[in-house]
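Okay, thanks everyone. I'll take you through one chain today, from the overall fold down to a handful of residues, so have the viewer open.

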Amino acid sequence: MRLIDSLITEFEREAQTTRKHFARLPNDKFNWRPHDKSFTAGALASHITEMITWTDAIFNQHELDFNPSTYKPYVATSAAELLKTFDENVAKAKQVLAAAVEENLAQPWSLKIMGRVQFEKPKATIFRDFTLSHLIHHRGQFSVYLRLLDIPVPGSYGPSADEN
């Protein structure tokens with residue numbers, strides 16, 4: 001199996017699992033947060049949704065030069081908008097992945113902040129670390145939000161305690 005095929009399969013599985021989690025968030029809990037220092041449920045889900053857009057920058061550019069002073073994060077205003085944007089971002093990422101050239105996966109990619117290199121790694125590694133692992137990490141946080149809100153948590157890699 002080619003590496004890109006493996007990344008596509010992994011992305012599709014994680015996106016499907018993430019969507020199941022997001023579909024459980026009701027509008028009346030969108031602004032709930034477990035702690036003052038935590039994201040709201042809607043903001044955390046929005047961050048995950050935005051991370052998927054990084055797929056295009058990873059596979060179609062050689063770097064991303066981030067400027068915190070001009071950055072405007074995506075913030076959904078409702079559960080319906082969140083799911084719509086999530087679905088659109090996943091569809092676009094699938095197109096980008098389908099068009100990716102296997103030989104380019106080992107090319108270096110850099111994250112810069114205002115011109116200063118933070119790290120440089122091969123594109124395949126960046127996608128797995130910066131997008132997939134990052135998405136999984138925050139989805140784990142989101143599942144705790146659902147648990148604290150007494151919303152049944154969907155399974156991620158098998159059934160959850162709520163699905164037995």
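Before anything else, one term: when I say two parts are in contact, I mean heavy atoms within 4.5 Å. And keep in mind that this is a predicted model.

So, the overall layout. We've got five helices and three strands, and if you read along the sequence, the pattern goes α-α-α-β-α-β-β-α.

How does the radius of gyration sit with a compact globule? For 164 residues you'd expect something near 15 Å, and the chain has 16 Å, which agrees. Along the principal axes, the C-alpha trace spans about 45 × 40 × 25 Å.

A few whole-chain numbers for the people who like those. Of the 164 residues, 43% count as buried. If you take contacts with a separation of 6 or more, 72% of them come from residues 24 or more positions apart. The accessible surface is about 8,900 Å², and carbon and sulfur atoms own 53% of that. On charges, there are 19 positive and 20 negative ones, and their mean positions are 3 Å apart.

Now let's look at the helices, starting with α1. This helix covers residues 3–22, so that's 20 residues, and at 1.5 Å a residue it should span 28 Å. Its end C-alpha atoms are in fact 28 Å apart in the model, so that agrees.

Which residues of α1 are buried? Going along the helix, they are Ile4, Leu7, Ile8, Glu10, Phe11, Glu14, Ala15, Thr17, Thr18, His21 and Phe22. Notice that Glu10 and Glu14 are on that list. As for what they pack against, the partners are α2 at 41–51, α3 at 54–60, α4 at 79–99 and α5 at 123–148.

One α1 residue with some surface showing is Asp5. Asp5 has 27% relative accessibility, so it counts as partly exposed, given that the band runs from 20% to 50%. There's also a long-range pairing here: the C-alpha atoms of Asp5 and Glu102 are separated by 9.1 Å, with their places 97 residues apart along the chain.

On to α2. How many of its residues are buried? It's 11 of 11, so this helix is mostly covered. The set is Ala41, Gly42, Ala43, Leu44, Ala45, Ser46, His47, Ile48, Thr49, Glu50 and Met51. The cover over them includes α1, α3, α4 and α5.

In α3, I'd point you to Ala57. Ala57 is buried, with a relative accessible area of 9%. Its C-alpha is 9.8 Å from that of Phe127, and those two are 70 residues apart along the chain.

Let's move over to the strands. Ser110 is in β2, which is residues 108–113. Is Ser110 buried or exposed? It comes out at 5% relative accessible area, so it's buried, because the cut-off is under 20%. Leaving aside neighbours within four places in sequence, Ser110 is in contact with His62, Glu63, Leu64, Phe119 and Glu120.

Just before that strand there's Gln107, in the loop between α4 and β2. Gln107 is partly exposed, at 27% relative accessibility. With the same four-place exclusion, Gln107 is in contact with His62, Lys121, Pro122 and Lys123. So His62 turns up in the contacts of Ser110 and in those of Gln107. The C-alpha atoms of Gln107 and Thr125 are separated by 9.9 Å, and these two are 18 residues apart along the chain.

Last topic, backbone angles. Most residues other than glycine have a negative phi. Met114 isn't a glycine, yet it has a positive phi of about 50°. Where is Met114? It's in the loop between β2 and β3, the latter being 116–122. Met114 counts as exposed, at 58% relative accessibility.

Asp150 is another non-glycine with a positive phi, this time about 60°. Asp150 lies in the segment after α5, and at 69% relative accessibility it counts as exposed.

To recap the main points: the radius of gyration agrees with the compact-globule value, α2 has 11 of its 11 residues buried, and Met114 and Asp150 have a positive phi. Okay, that's me done; over to you.

Notes:
Residues are numbered from 1 along each chain as its sequence is written. This is a predicted model: local features need pLDDT of at least 70, side-chain atom pairs count only at pLDDT 80 or more; totals for chains, interfaces and linings use all residues. Side-chain values use heavy atoms; hydrogens and water are left out. Helices (H or I, at least four residues) and strands (E, at least two) are DSSP runs, numbered from the N terminus. The expected span of a helix is 1.5 Å times one less than its number of residues. Buried means under 20% relative accessible area, exposed over 50%, partly exposed in between (1.4 Å probe, protein chains only). The radius of gyration is taken over C-alpha atoms; the globule rule is 2.2 Å times the number of residues to the power 0.38. Accessible areas come from the Shrake-Rupley method with a 1.4 Å probe; for residues, only the protein chains shown count as cover. Lys and Arg count as positive and Asp and Glu as negative; His and the chain ends are not counted. The place of a charge is taken as NZ of Lys, CZ of Arg, CG of Asp or CD of Glu.
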